[in-house]
Amino acid sequence: MLTTDQCRSLRCLAEIMIPASVEYAMPSAGDDAIFADILQSLGRDAEHALAVVRTLDDMAGGVFGDLEPARRQAVSAPLLASDGEALMHLNRIILQCYYRDDRVMRSLGLEARPPYPKGHEVEQGDWSLLDPVRARPKLYREVP
Amino acid sequence: MTDPVDVLIVGAGASGAGVAWNLAETKMHILCLEQGDWMKPSEYPSTGRDWEARQLNDFHISPNRRARDTDYPVNDANSPIKIANFNGVGGGTVLYAGHFPRFHPSDFRVRTLDGVADDWPIDYATLEPFYNENDRMTGVSGLAGDPAYPAHEPMMPPLPLGKSGATLARGLNKLGWHWWPSDSAIASVDYEGRARCINLGHCTSGCAQGAKASTDITYWPAAIRAGVELRTRCRVREITTNEGGMASGVVYYDANGIEHFQPAEIVILACNAVGTARILLNSASARFPNGLANSSGLVGKNLMFHPYARIAGYFDEELDGYRGPGNCIWSQEFYETDRSRGFARGYTFEFNRGQGPVMAAVHGMQIGRLPWGPDHHRAYRKLFCHRTGMVAICEDLPEKQNTVTLDPVLKDSNGIPAPKITYTLSENSRRMLDHAVARGTEILRAAGAYDVWFEAPIPEGGWHLMGTARMGTDPTRSVVNEWGRSHDVKNLFIVDGSIFVTSAGVNPTRTIQALALYVADSIKQRLAAATLFD
């Protein structure tokens, strides 16, 4: 649905939103695999993504992706600070694709897998914390 | 026309399943029509890597966003709280968290005790045996001895406290406030063929493990074994009546959009407070020009949600995050009325754990805690698995101006008029929400939170739908009588949340199901005495 130019603009925006981090060994949201996932996941929200890219291109006075990197930062800043519905949907798609990437999950100390069937361990916790509550009189009201 | 049945139930969710199972022993021909599909646990989101994304799409709580073929649209533009539901075998129990509190004795006597709304025509003692029966069918985990409740015995140990629960419990103990392990419709140990919870952390998109008690895996298998017929992808348009003013059956559309008439001797509505009101209003006729069972004018009136507040805190230490069921502990410190607080009635705090990696980011962005750009990664690590908190479930009092009506324009895929919601948050609810936010903030600070965030009401929090066909003994002030039968149409029954007189300040499903079993029991007793239609 997006043209090649629009894809390039969107990818540049994704890289600005979540840049790569050497410190945390994290890719950017414009990484090949993550961006491919983003494009594939637009689905029912493709119109929203398109609206954001068109706005961005308008603000750039051309193809946003063709601007110099420093200029891209300046042009995109007011858009990213806004809170329109289209941007909200695009944000969700970018985040949902980024935070399910294997490399990202591993960097966060997570196993790259779905919850089922392995599940997770949760400690029982200290049930003696209930002792003061057990000592309380009843709280509920009797009724006539 | 299809063969007539003795009992026709509309809706296969929390209440439809219960009433079907309880009536099955009569050996009547019982048919349930459900507009949705059977669910496939092997395809629930938690089985795939896109588990969080699907909660924002095909498993979204809003029918308008989800927009499955089996959903109908709802115009909720005139409400600060949006409708949440699910259409399928199991209904809302497919997506509910499984929080499973009972009502309190005082919840049935709000007029007598607090001078607001109306008393119910039944009381806690009436429902108690049906609560117990429903608990057995559902499988409830928890801990006996909660001082906020009359004695009852959960059949399974409580869900784990975990790091999040222990942190919050310490905060509550510092303040000297009540808390207790939540009663949950989640199996903490293997139960009646269902496997125990393995802490998938994604209860609200269907439980792939089968530990959470949705009625497609609890009541329905038992009801079907006992002879009940369940027909899916059948969307009911209206209830028809005969010349005697009795219900004669329903008109419905199948999956191909073909219209059918299903005759029945008894019709039972189990579509909850939006769906049931919609069908009754769509069943208007020359004899019932304002909709069926609506001589009181109260069908669709008195819509109650539970206005919710969400209060979350961020902590230095790592907590449970997305691991474990959301259900954990509750507090009913502020449940019973204390007029010095500035409002009538009260609320429950339900404490939850945390968020998955995607939702931590999406939500962190929405609330201004997560920036784009170079600081994103550092900020994210302070949020993910460092958040826990609670929701406050506030009792909503019935008000006639809060309504379900028929939208004059919006229709579903079969051309049936869609429901329109008109709802205003009352001053009493607003004060209760403010109180809950302030007290919730105190709890989080006492527990060690360095940052607290809240929203009230939760805009997408219209999970609990009640009151649009209330029960009562006076036909001018209620839609059904004290055992669920329509005052106007003597072979029409309602068993869902629409018959609630008041909402209490707890999740309604356990009470909805107890009511469904109670109404079924009342039907059986009167069938035996040949007085059902008197």
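1. In this predicted model, chain A and chain B together bury about 5,400 Å², and 64% of that area lies on carbon and sulfur atoms. The size of an interface is often given as the accessible area lost when the parts come together. The contact draws 56 residues from chain A and 70 residues from chain B, which is a useful starting point for a reader who wishes to trace the interface in the structure.

2. Charged pairs also span this interface, where five salt bridges are found between chain A and chain B. Arg141(A) takes part in a salt bridge with Glu336(B), and the closest N and O atoms of the pair are 3.0 Å apart.

3. Over all chains of the whole structure, the search gives 40 salt bridges. Within chain A, the side chains of Glu111(A) and Lys118(A) form a salt bridge with an N to O distance of 2.7 Å. As to their surroundings, Glu111(A) is partly exposed at a relative accessible area of 44%, while Lys118(A) is exposed at 54%. Within chain B, Asp183(B) and Arg510(B) are joined through their side chains in a salt bridge, here with an N to O distance of 2.8 Å.

4. How many disulfides does the rule give over all chains? The count is zero, and two cysteines of chain B may serve as examples. The sulfur of Cys207(B) has its closest cysteine sulfur in Cys203(B), but the two are 6.4 Å apart, which is too far for a bond, given that a disulfide requires sulfur atoms within 2.5 Å. Cys385(B) is likewise in no disulfide, the nearest cysteine sulfur being that of Cys328(B), 15 Å away.

5. Are these two cysteines buried or exposed? Cys207(B) has a relative accessibility of 16% and therefore counts as buried, since the limit for that class is under 20%. Cys385(B) is buried too, with a relative accessible area of 6%.

6. Rolling a probe the size of a water molecule over the atoms shows where empty space is left. The structure holds five cavities of 30 Å³ or more, and the largest cavity has a volume of about 120 Å³. Its lining consists of 16 residues, with Cys197(B), Leu200(B), Gly201(B), Cys203(B) and Cys207(B) lying nearest the centre. By class, the lining of the largest cavity comprises nine nonpolar residues, six polar residues and one charged residue. Cys207(B), one of the residues nearest the centre of this cavity, is the cysteine whose sulfur lies 6.4 Å from that of Cys203(B).

7. The second largest pocket has a volume of about 290 Å³. Which residues lie nearest its centre? They are Val122(A), Pro160(B), Arg196(B), Cys197(B) and Asn199(B), out of a lining of 17 residues. That lining divides into nine nonpolar, five polar and three charged residues. Cys197(B), listed here near the pocket centre, is also among the residues nearest the centre of the largest cavity.

Conventions:
Residues numbered from 1 in each chain as written. Chains lettered and ligands numbered in written order. Predicted model: local features only at pLDDT ≥ 70, side-chain atom pairs only at ≥ 80, totals over all residues. Heavy atoms only, no water. 1 Å grid on protein atoms, 1.4 Å probe; cavity = no way out; pocket = protein on both sides within 12 Å on 5 of 7 lines; lining within 4 Å. Points joined across faces, edges and corners; volume = space filled by probe spheres on them. Nonpolar A, V, L, I, M, F, W, Y, C, P; charged D, E, K, R; others polar. Buried < 20%, exposed > 50% of the residue type's maximum accessible area, 1.4 Å probe, protein only. Contact = heavy atoms within 4.5 Å. Buried area = accessible area lost by both parts, 1.4 Å probe. Salt bridge = Lys/Arg side-chain N within 4 Å of Asp/Glu carboxyl O.
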